[in-house]
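This report walks through the packing of the chain shown below, moving from its interior to its helix contacts and aromatic rings.

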Amino acid sequence: MSKEAQIQELLANFVKNASVIIGKLSSERMIEESAINPILAKALGFKDFDSLARFYVYQRIGRSLVTSFGMKMENLVKLVVDGEKGEWWDVVKKSNDANYYVSVKSGPRDMNKDQTVEFSRRAKDVMKKDNKAHPFIAMGYGKKAWPVITDTLKKQNLDPDKHTFVGKRLYEQLSGEKDYYLKLLDFVVNVESNVIKGKSILNLIDEKVEEISKSFKKKYNSVDELLLDTF
């Protein structure tokens, strides 16, 4: 299977899973799993079931999809790098020119200070052992790394420009093609429509909002009554 086909399969599986996540959500689960913050709902002035359902269904599903896509994004970057899993490193790819030791993150804010310090320790260690080593943090989208990452690298005497690659610069570095990120976006066109026939993810979410709003209306006489039931 080609790299392009593997990327499309990865994203198609994500879309299938997304549709399952949406399908399983119910008004009962919203209440039982504390998906609704009654204090926030009162502060935002929700007085009708439609507005309440729209806000919290989008919030609940949005968080689930962003979280689950983070892992898919990391796997996508690993496919582009096309290397092997290291003992600590997410990907190790060796060539005549350089040996890449890669810590993969979904986006430019997905690493805190402690994780960056650990990366720095590992990077220094591998550079002592391998004179061709080029360790770096690979971030699958964005324009630049979060300041916490770059500032911490500087304090660890590592050059952020050399040890972080973000978005299109990452894909250019890994593929050797300047506009590889454009090709990558082309790979994923129509994945959604091919997986969810005749509908979009937003269509499914809007249908779920309507379903849950109707369910709330059947069970509760008012939004206040529903909010009291969340305690």
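## The nonpolar interior

In this predicted model, Leu52 is in contact with Ile36, Ala41, Phe46, Phe216, Val223, Leu226 and Leu227, once its neighbours within four places in sequence are left aside. Leu52 also belongs to the largest nonpolar core, which holds 53 residues, and is listed with Met30, Ile36, Tyr171, Ile201, Phe216 and Leu226 as the residues that touch the most other members. Helix α4, spanning residues 49-81, supplies the largest share of this core, with 12 residues.

Apart from this core there is a second, separate one of 15 residues, and Met111, Ala133, Ala145 and Val166 are among its members.

## Helix α4 against helix α8

Helix α4 also packs against helix α8 (residues 167-175), the two axes coming within 9 Å and crossing at roughly 30°. Because angles under 35 degrees count as roughly parallel, α4 is described as roughly parallel to α8.

From α4, the residues that make the contact are Met73, Leu76, Val77, Val80 and Val81, while α8 contributes Leu170, Tyr171 and Leu174. Sorted by class, this contact between α4 and α8 has eight nonpolar residues, with no polar and no charged residues. Tyr171, on the α8 side of the contact, is also one of the residues listed as touching the most other members of the largest nonpolar core.

## Helix α1 against helix α11

Helix α1 (residues 3-24) and helix α11 (residues 201-219) have axes 10 Å apart and pack at an angle of about 5°, which makes α1 roughly parallel to α11.

Here Val15, Ala18, Ser19, Ile22 and Gly23 of α1 meet Ile201, Leu204, Ile205 and Lys208 of α11. By class, the contact of α1 with α11 has six nonpolar, two polar and one charged residues. Ile201, which takes part in this contact, is named as well among the residues of the largest nonpolar core that touch the most other members.

## Aromatic rings

The count of aromatic pairs in the model comes to 12. In one of them, Phe55 and Tyr56 have ring centres 4.9 Å apart and planes at 85°, and since planes over 60 degrees apart count as edge-to-face, that is how the pair is classed. The two partners can also be described by their accessibility: Phe55 is partly exposed, with a relative accessible area of 30%, whereas Tyr56 is buried, with a relative accessible area of 1%.

Elsewhere, Trp88, Trp89, Tyr101 and Phe119 together form one aromatic cluster.

Methods. Residues numbered from 1 in each chain as written. Predicted model: local features only at pLDDT ≥ 70, side-chain atom pairs only at ≥ 80, totals over all residues. Heavy atoms only, no water. Axes fitted to C-alpha atoms, helices over the stretch in contact; angles between N-to-C directions. Helix = DSSP H or I, 4+ residues; strand = E, 2+ residues; numbered from the N terminus. Parallel < 35°, antiparallel > 145°, perpendicular 65-115°, else oblique. Contact = heavy atoms within 4.5 Å. Nonpolar A, V, L, I, M, F, W, Y, C, P; charged D, E, K, R; others polar. Phe/Tyr/Trp six-rings, centres within 6.5 Å; stacked < 30°, edge-to-face > 60°. Buried < 20%, exposed > 50% of the residue type's maximum accessible area, 1.4 Å probe, protein only. Core = buried A, V, L, I, M, F, W, Y, C linked by side-chain atoms within 4.5 Å.
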